[in-house]
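Reader: I have a structure to look at and some terms I do not understand. Can we go through them one by one?

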Amino acid sequence: MKSNGPRPGKRVVVTGATGNVGTSVVRALAADPDIGSVLGLARRRPGLQIPKVQWDTVDLSRADSEGRLVGLLRGADAVVHLAWRFQPTHDPVVTWQSNVLGSRRIFEAVAHSGVPALVHASSVGAYSPGPMDEPGADEEWPTDGWPDAAYCREKAYLERVLDTFELQHPQIRVVRMRPGFLFKETAAPEQRRIFAGRYAPGPLLRPDLLPFVPDLDGLRFQVLHTDDAAEAYRLAVLRDVRGPFNLAAEPVIDAPKLADLLDARIVRIPRALVRTALAAAWRAHAVPASPHLFDAVLRLPVLDSGRARDVLGWQPTRTAEDALNAFLRGVREGTGEDTAPLAGRKVG
(Lines give C-alpha, C1' and ligand atoms only; values in the text may rest on other atoms or scores of the structure.)
Protein backbone atom coordinates (compact mmCIF):
# COMPACT_ATOMS: atom_id res chain seq x y z
CA MET A 1 0.00 0.00 0.00
CA LYS A 2 1.44 3.38 -1.03
CA SER A 3 1.99 6.00 1.62
CA ASN A 4 0.53 9.46 1.12
CA GLY A 5 2.93 10.93 3.65
CA PRO A 6 5.86 13.21 2.90
CA ARG A 7 8.68 11.95 0.70
CA PRO A 8 11.43 10.36 2.83
CA GLY A 9 14.87 11.91 2.80
CA LYS A 10 16.34 15.32 3.42
CA ARG A 11 14.72 18.54 2.31
CA VAL A 12 17.20 21.04 0.84
CA VAL A 13 16.64 24.65 -0.20
CA VAL A 14 18.96 26.15 -2.84
CA THR A 15 19.13 29.90 -3.51
CA GLY A 16 20.38 31.11 -6.86
CA ALA A 17 19.18 27.78 -8.21
CA THR A 18 18.88 28.86 -11.86
CA GLY A 19 22.46 29.99 -12.49
CA ASN A 20 25.70 28.28 -13.44
CA VAL A 21 26.27 26.55 -10.10
CA GLY A 22 22.63 26.33 -9.03
CA THR A 23 21.43 24.24 -11.97
CA SER A 24 24.22 21.72 -11.37
CA VAL A 25 23.65 21.64 -7.60
CA VAL A 26 19.91 21.01 -7.81
CA ARG A 27 20.51 18.18 -10.28
CA ALA A 28 23.20 16.61 -8.11
CA LEU A 29 20.96 16.79 -5.05
CA ALA A 30 17.86 15.53 -6.84
CA ALA A 31 19.77 12.50 -8.15
CA ASP A 32 20.78 11.44 -4.63
CA PRO A 33 18.45 8.89 -3.01
CA ASP A 34 19.07 10.41 0.42
CA ILE A 35 17.53 13.70 -0.74
CA GLY A 36 13.75 13.70 -0.60
CA SER A 37 13.04 17.12 -2.12
CA VAL A 38 14.77 20.25 -3.35
CA LEU A 39 13.29 23.75 -3.36
CA GLY A 40 15.04 25.98 -5.89
CA LEU A 41 14.77 29.72 -5.24
CA ALA A 42 15.52 32.45 -7.78
CA ARG A 43 14.35 35.91 -8.78
CA ARG A 44 12.65 34.46 -11.87
CA ARG A 45 10.94 31.09 -12.16
CA PRO A 46 12.65 28.80 -14.72
CA GLY A 47 11.12 26.44 -17.24
CA LEU A 48 13.23 23.51 -16.07
CA GLN A 49 11.49 20.37 -14.89
CA ILE A 50 13.68 18.15 -12.70
CA PRO A 51 12.33 15.24 -10.61
CA LYS A 52 12.08 16.06 -6.88
CA VAL A 53 12.71 19.78 -7.58
CA GLN A 54 10.14 22.50 -6.97
CA TRP A 55 10.64 26.19 -7.76
CA ASP A 56 9.72 29.44 -6.07
CA THR A 57 10.71 33.07 -6.48
CA VAL A 58 12.26 35.52 -4.05
CA ASP A 59 14.25 38.74 -4.47
CA LEU A 60 16.92 38.82 -1.77
CA SER A 61 17.63 42.51 -2.38
CA ARG A 62 14.22 43.44 -0.99
CA ALA A 63 14.14 44.33 2.69
CA ASP A 64 10.80 42.53 3.11
CA SER A 65 12.13 39.21 1.76
CA GLU A 66 13.34 37.87 5.13
CA GLY A 67 9.87 37.11 6.45
CA ARG A 68 9.03 35.20 3.27
CA LEU A 69 12.35 33.36 3.51
CA VAL A 70 11.60 32.15 7.02
CA GLY A 71 8.48 30.41 5.75
CA LEU A 72 10.23 28.94 2.70
CA LEU A 73 13.12 27.58 4.79
CA ARG A 74 11.10 26.16 7.65
CA GLY A 75 11.48 22.38 7.84
CA ALA A 76 14.59 22.27 5.65
CA ASP A 77 17.51 20.06 6.61
CA ALA A 78 20.01 22.29 4.81
CA VAL A 79 20.23 25.53 2.85
CA VAL A 80 22.71 25.94 0.00
CA HIS A 81 23.20 29.66 -0.60
CA LEU A 82 24.44 30.37 -4.14
CA ALA A 83 22.55 33.52 -5.13
CA TRP A 84 24.89 36.22 -6.43
CA ARG A 85 24.57 39.27 -8.66
CA PHE A 86 27.61 40.28 -10.76
CA GLN A 87 26.17 43.37 -12.42
CA PRO A 88 25.84 46.33 -12.65
CA THR A 89 29.58 46.81 -12.13
CA HIS A 90 29.16 50.57 -12.45
CA ASP A 91 26.78 50.67 -9.47
CA PRO A 92 28.25 48.65 -6.58
CA VAL A 93 25.43 49.75 -4.29
CA VAL A 94 23.03 47.54 -6.27
CA THR A 95 25.25 44.47 -6.02
CA TRP A 96 25.88 45.18 -2.32
CA GLN A 97 22.14 45.21 -1.65
CA SER A 98 21.66 41.85 -3.37
CA ASN A 99 24.85 40.06 -2.43
CA VAL A 100 25.72 41.29 1.04
CA LEU A 101 22.39 42.40 2.49
CA GLY A 102 20.60 39.56 0.69
CA SER A 103 23.04 37.01 2.11
CA ARG A 104 22.57 38.40 5.60
CA ARG A 105 18.82 37.96 5.19
CA ILE A 106 19.39 34.34 4.20
CA PHE A 107 21.65 33.73 7.21
CA GLU A 108 19.11 35.23 9.60
CA ALA A 109 16.27 33.25 8.02
CA VAL A 110 18.30 30.05 8.45
CA ALA A 111 18.64 30.81 12.17
CA HIS A 112 15.01 31.83 12.64
CA SER A 113 13.74 28.77 10.73
CA GLY A 114 15.81 26.34 12.74
CA VAL A 115 17.70 24.96 9.72
CA PRO A 116 20.61 22.86 11.05
CA ALA A 117 23.04 23.31 8.13
CA LEU A 118 24.11 26.21 5.91
CA VAL A 119 26.39 25.73 2.89
CA HIS A 120 27.57 29.09 1.59
CA ALA A 121 29.20 29.85 -1.78
CA SER A 122 32.31 31.85 -1.03
CA SER A 123 35.10 32.07 -3.62
CA VAL A 124 38.79 32.20 -4.36
CA GLY A 125 38.03 35.90 -4.71
CA ALA A 126 37.60 36.14 -0.94
CA TYR A 127 41.30 35.44 -0.44
CA SER A 128 43.98 38.07 -0.05
CA PRO A 129 46.76 38.07 -2.67
CA GLY A 130 48.98 35.10 -1.97
CA PRO A 131 51.24 32.38 -3.30
CA MET A 132 51.16 31.91 -7.05
CA ASP A 133 52.86 28.52 -7.02
CA GLU A 134 51.72 25.09 -5.88
CA PRO A 135 50.81 23.68 -3.40
CA GLY A 136 49.35 27.12 -2.78
CA ALA A 137 47.16 28.63 -0.09
CA ASP A 138 45.14 26.42 2.23
CA GLU A 139 41.93 27.46 3.99
CA GLU A 140 43.85 29.34 6.69
CA TRP A 141 45.07 31.96 4.21
CA PRO A 142 43.61 35.44 5.04
CA THR A 143 40.24 36.21 3.45
CA ASP A 144 40.48 39.97 3.07
CA GLY A 145 39.95 39.94 -0.69
CA TRP A 146 41.17 42.61 -3.09
CA PRO A 147 39.43 45.72 -1.72
CA ASP A 148 39.25 47.62 -5.01
CA ALA A 149 37.05 44.97 -6.68
CA ALA A 150 33.40 44.86 -5.59
CA TYR A 151 33.14 41.09 -6.11
CA CYS A 152 36.12 40.36 -3.84
CA ARG A 153 35.12 43.00 -1.32
CA GLU A 154 31.64 41.50 -0.97
CA LYS A 155 32.87 37.91 -0.72
CA ALA A 156 35.42 38.88 1.94
CA TYR A 157 32.87 40.88 3.93
CA LEU A 158 30.54 37.87 4.07
CA GLU A 159 33.37 35.77 5.46
CA ARG A 160 33.41 38.17 8.45
CA VAL A 161 29.61 38.02 8.70
CA LEU A 162 29.78 34.22 8.86
CA ASP A 163 32.51 34.39 11.52
CA THR A 164 30.04 36.23 13.75
CA PHE A 165 27.12 34.03 12.67
CA GLU A 166 28.97 30.87 13.73
CA LEU A 167 29.76 32.35 17.15
CA GLN A 168 26.12 33.33 17.66
CA HIS A 169 24.68 30.04 16.35
CA PRO A 170 27.11 27.21 17.19
CA GLN A 171 24.31 24.66 16.74
CA ILE A 172 24.19 25.41 12.99
CA ARG A 173 26.69 23.55 10.85
CA VAL A 174 28.26 26.12 8.49
CA VAL A 175 30.27 25.15 5.41
CA ARG A 176 32.00 27.66 3.14
CA MET A 177 32.93 26.64 -0.38
CA ARG A 178 35.83 28.56 -1.97
CA PRO A 179 36.14 27.36 -5.58
CA GLY A 180 38.23 28.68 -8.42
CA PHE A 181 36.55 29.73 -11.67
CA LEU A 182 33.61 27.47 -12.54
CA PHE A 183 32.76 26.57 -16.13
CA LYS A 184 30.36 24.30 -18.00
CA GLU A 185 28.97 24.35 -21.49
CA THR A 186 25.43 25.50 -20.71
CA ALA A 187 26.63 28.41 -18.53
CA ALA A 188 28.84 29.90 -21.24
CA PRO A 189 26.19 32.34 -22.60
CA GLU A 190 25.67 33.76 -19.10
CA GLN A 191 29.40 34.13 -18.46
CA ARG A 192 29.97 35.74 -21.83
CA ARG A 193 27.28 38.33 -21.08
CA ILE A 194 28.63 38.97 -17.54
CA PHE A 195 32.23 39.56 -18.53
CA ALA A 196 32.24 40.48 -22.21
CA GLY A 197 28.74 41.87 -22.75
CA ARG A 198 25.72 40.44 -24.53
CA TYR A 199 26.96 41.62 -27.94
CA ALA A 200 30.30 39.81 -27.77
CA PRO A 201 30.42 37.56 -30.87
CA GLY A 202 30.71 34.08 -29.38
CA PRO A 203 31.14 32.33 -32.75
CA LEU A 204 34.40 34.27 -33.21
CA LEU A 205 35.94 32.43 -30.25
CA ARG A 206 37.51 29.89 -32.59
CA PRO A 207 41.17 28.90 -32.37
CA ASP A 208 41.86 29.99 -35.95
CA LEU A 209 40.50 33.47 -35.19
CA LEU A 210 42.44 33.91 -31.93
CA PRO A 211 46.02 34.10 -33.20
CA PHE A 212 47.71 34.82 -29.86
CA VAL A 213 47.32 34.58 -26.09
CA PRO A 214 48.55 37.52 -23.98
CA ASP A 215 51.26 36.59 -21.49
CA LEU A 216 50.66 38.92 -18.54
CA ASP A 217 52.40 39.11 -15.19
CA GLY A 218 50.17 37.21 -12.76
CA LEU A 219 48.11 35.39 -15.40
CA ARG A 220 47.79 32.12 -13.49
CA PHE A 221 44.44 30.84 -12.29
CA GLN A 222 42.49 27.70 -11.39
CA VAL A 223 39.27 26.40 -12.88
CA LEU A 224 36.83 23.61 -12.17
CA HIS A 225 33.94 22.06 -14.03
CA THR A 226 30.71 23.24 -12.42
CA ASP A 227 29.36 19.70 -12.13
CA ASP A 228 32.40 18.72 -10.05
CA ALA A 229 31.78 21.70 -7.78
CA ALA A 230 28.15 20.56 -7.45
CA GLU A 231 29.34 17.20 -6.21
CA ALA A 232 31.26 18.96 -3.43
CA TYR A 233 28.09 20.83 -2.44
CA ARG A 234 26.15 17.55 -2.37
CA LEU A 235 28.73 15.98 -0.09
CA ALA A 236 28.68 19.05 2.18
CA VAL A 237 24.91 18.74 2.56
CA LEU A 238 25.01 15.06 3.47
CA ARG A 239 28.19 14.74 5.52
CA ASP A 240 28.86 16.04 9.02
CA VAL A 241 31.54 18.56 8.03
CA ARG A 242 32.13 22.18 8.89
CA GLY A 243 34.35 25.02 7.83
CA PRO A 244 35.87 26.15 4.52
CA PHE A 245 36.86 24.02 1.53
CA ASN A 246 38.99 25.07 -1.42
CA LEU A 247 37.86 23.55 -4.73
CA ALA A 248 40.01 23.43 -7.86
CA ALA A 249 41.09 21.03 -10.58
CA GLU A 250 44.51 20.37 -12.07
CA PRO A 251 46.41 21.80 -13.79
CA VAL A 252 46.78 25.48 -12.92
CA ILE A 253 46.03 27.50 -16.07
CA ASP A 254 48.63 29.95 -17.42
CA ALA A 255 49.44 31.51 -20.78
CA PRO A 256 51.21 28.41 -22.22
CA LYS A 257 48.27 26.16 -21.34
CA LEU A 258 45.79 28.63 -22.81
CA ALA A 259 47.89 28.79 -25.96
CA ASP A 260 47.80 24.99 -26.22
CA LEU A 261 44.02 24.94 -25.80
CA LEU A 262 43.49 27.60 -28.46
CA ASP A 263 46.31 26.50 -30.75
CA ALA A 264 47.66 30.05 -30.55
CA ARG A 265 51.03 31.62 -29.97
CA ILE A 266 52.03 33.52 -26.82
CA VAL A 267 52.70 37.25 -26.99
CA ARG A 268 54.18 39.14 -24.08
CA ILE A 269 52.07 42.23 -23.36
CA PRO A 270 52.60 44.78 -20.57
CA ARG A 271 49.92 44.40 -17.92
CA ALA A 272 49.52 48.19 -17.70
CA LEU A 273 48.64 48.37 -21.39
CA VAL A 274 45.86 45.80 -21.09
CA ARG A 275 44.58 47.39 -17.89
CA THR A 276 44.43 50.84 -19.49
CA ALA A 277 42.51 49.54 -22.50
CA LEU A 278 40.07 47.62 -20.30
CA ALA A 279 39.52 50.65 -18.06
CA ALA A 280 38.72 52.83 -21.07
CA ALA A 281 36.27 50.27 -22.45
CA TRP A 282 34.62 49.86 -19.04
CA ARG A 283 34.21 53.63 -18.54
CA ALA A 284 32.63 53.81 -21.99
CA HIS A 285 30.24 50.98 -20.98
CA ALA A 286 31.62 48.91 -23.88
CA VAL A 287 32.38 45.94 -21.60
CA PRO A 288 30.82 45.05 -18.23
CA ALA A 289 33.97 43.55 -16.64
CA SER A 290 35.69 46.19 -14.52
CA PRO A 291 39.44 46.87 -14.47
CA HIS A 292 39.30 46.36 -10.69
CA LEU A 293 38.30 42.74 -11.21
CA PHE A 294 41.17 42.40 -13.70
CA ASP A 295 43.53 43.63 -10.98
CA ALA A 296 42.12 41.07 -8.55
CA VAL A 297 42.36 38.11 -10.95
CA LEU A 298 46.07 38.73 -11.48
CA ARG A 299 46.64 38.59 -7.72
CA LEU A 300 44.61 35.51 -6.79
CA PRO A 301 46.49 32.83 -4.87
CA VAL A 302 46.82 29.28 -6.13
CA LEU A 303 44.60 27.09 -3.93
CA ASP A 304 45.48 23.90 -2.09
CA SER A 305 42.40 21.64 -2.25
CA GLY A 306 43.78 18.98 0.08
CA ARG A 307 41.20 19.56 2.81
CA ALA A 308 38.31 18.89 0.41
CA ARG A 309 39.99 15.62 -0.57
CA ASP A 310 40.84 14.50 2.97
CA VAL A 311 37.85 15.74 4.99
CA LEU A 312 35.02 16.00 2.47
CA GLY A 313 36.08 12.99 0.41
CA TRP A 314 35.88 15.00 -2.83
CA GLN A 315 37.94 14.89 -6.00
CA PRO A 316 37.20 16.42 -9.39
CA THR A 317 36.49 14.00 -12.22
CA ARG A 318 37.44 16.45 -14.98
CA THR A 319 40.63 18.40 -15.59
CA ALA A 320 40.89 22.16 -15.79
CA GLU A 321 41.34 21.84 -19.57
CA ASP A 322 38.08 19.84 -19.75
CA ALA A 323 36.24 22.66 -18.00
CA LEU A 324 37.69 25.33 -20.28
CA ASN A 325 36.91 23.31 -23.41
CA ALA A 326 33.30 22.94 -22.23
CA PHE A 327 33.08 26.71 -21.77
CA LEU A 328 34.52 27.39 -25.25
CA ARG A 329 32.02 24.99 -26.85
CA GLY A 330 29.17 26.76 -25.11
CA VAL A 331 30.38 30.22 -26.15
CA ARG A 332 30.75 29.24 -29.78
CA GLU A 333 27.48 27.32 -30.02
CA GLY A 334 25.27 29.49 -27.78
CA THR A 335 24.19 26.49 -25.71
CA GLY A 336 22.05 27.40 -22.69
CA GLU A 337 19.22 26.21 -20.46
CA ASP A 338 15.62 27.17 -19.86
CA THR A 339 16.43 29.63 -17.09
CA ALA A 340 16.74 33.40 -17.33
CA PRO A 341 20.48 33.50 -16.44
CA LEU A 342 21.50 30.62 -18.74
CA ALA A 343 19.28 31.29 -21.74
CA GLY A 344 21.42 30.85 -24.85
CA ARG A 345 21.51 33.80 -27.19
CA LYS A 346 23.40 33.92 -30.46
CA VAL A 347 24.06 37.65 -30.70
CA GLY A 348 26.80 39.97 -31.92
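Author: Start with one definition: strands are DSSP runs of E, at least two residues long, numbered from the N terminus. The model is predicted. Lysine 52 is in the loop between strands β2 (35-42) and β3 (53-57).

Reader: What is phi of lysine 52?

Author: Phi of lysine 52 is near 75°. That is a positive value in a residue other than glycine. Most residues other than glycine have a negative phi. Histidine 285 is also not a glycine, and its phi is positive, about 60°. Look for histidine 285 in the loop between α8 (271-283) and α9 (291-297).

Reader: Why is α1 called oblique to α6?

Author: Take the angle. Helix α1 (residues 20-30) packs on helix α6 (residues 226-238) at about 55°. Their axes are 8 Å apart. Angles under 35 degrees count as roughly parallel, and 65 to 115 as roughly perpendicular. The value fits neither range, so α1 is oblique to α6. The crossing is right-handed.

Reader: Which residues of α1 and α6 meet?

Author: In α1 they are Asn20, Val21, Ser24, Val25, Ala28 and Leu29. In α6 they are Thr226, Asp227, Ala230, Tyr233, Arg234 and Val237. By class, this contact has 7 nonpolar, 3 polar and 2 charged residues.

Reader: What makes α7 and α11 oblique?

Author: Again, the angle. Helix α7 (residues 255-262) and helix α11 (residues 320-333) pack at about 50°, with axes 11 Å apart. That value is also outside the parallel and perpendicular ranges, and therefore the two helices are oblique to each other. Leu258, Leu261 and Leu262 of α7 touch Glu321, Leu324, Asn325 and Leu328 of α11. The classes are 5 nonpolar, 1 polar and 1 charged.

Reader: How do you know that the span of α3 agrees with its number of residues?

Author: Helix α3 (residues 92-113) has 22 residues. At 1.5 Å a residue, the helix should span 32 Å. The end C-alpha atoms are 30 Å apart, which agrees.

Reader: Where does α3 bend?

Author: The bend is at glycine 102, by about 25°. After α3 comes glycine 114, with a positive phi near 75°.

Reader: Which peptide bonds before a proline are cis here?

Author: The bond from glutamine 87 to proline 88 is cis, with omega near 10°. Proline 88 sits in the loop between β4 (78-81) and α3. The bond joining glutamate 250 and proline 251 is cis too, with omega about -5°. Proline 251 is in the loop between β11 (243-247) and β12 (253-254). Most peptide bonds are trans.

Notes
Residues numbered from 1 in each chain as written. Predicted model: local features only at pLDDT ≥ 70, side-chain atom pairs only at ≥ 80, totals over all residues. Heavy atoms only, no water. Axes fitted to C-alpha atoms, helices over the stretch in contact; angles between N-to-C directions. Helix = DSSP H or I, 4+ residues; strand = E, 2+ residues; numbered from the N terminus. Parallel < 35°, antiparallel > 145°, perpendicular 65-115°, else oblique. Left-handed = near helix turned anticlockwise from the far one by under 90°. Contact = heavy atoms within 4.5 Å. Nonpolar A, V, L, I, M, F, W, Y, C, P; charged D, E, K, R; others polar. Expected span 1.5 Å × (residues − 1). Bend = angle between axes of the 7 residues up to and from the residue.
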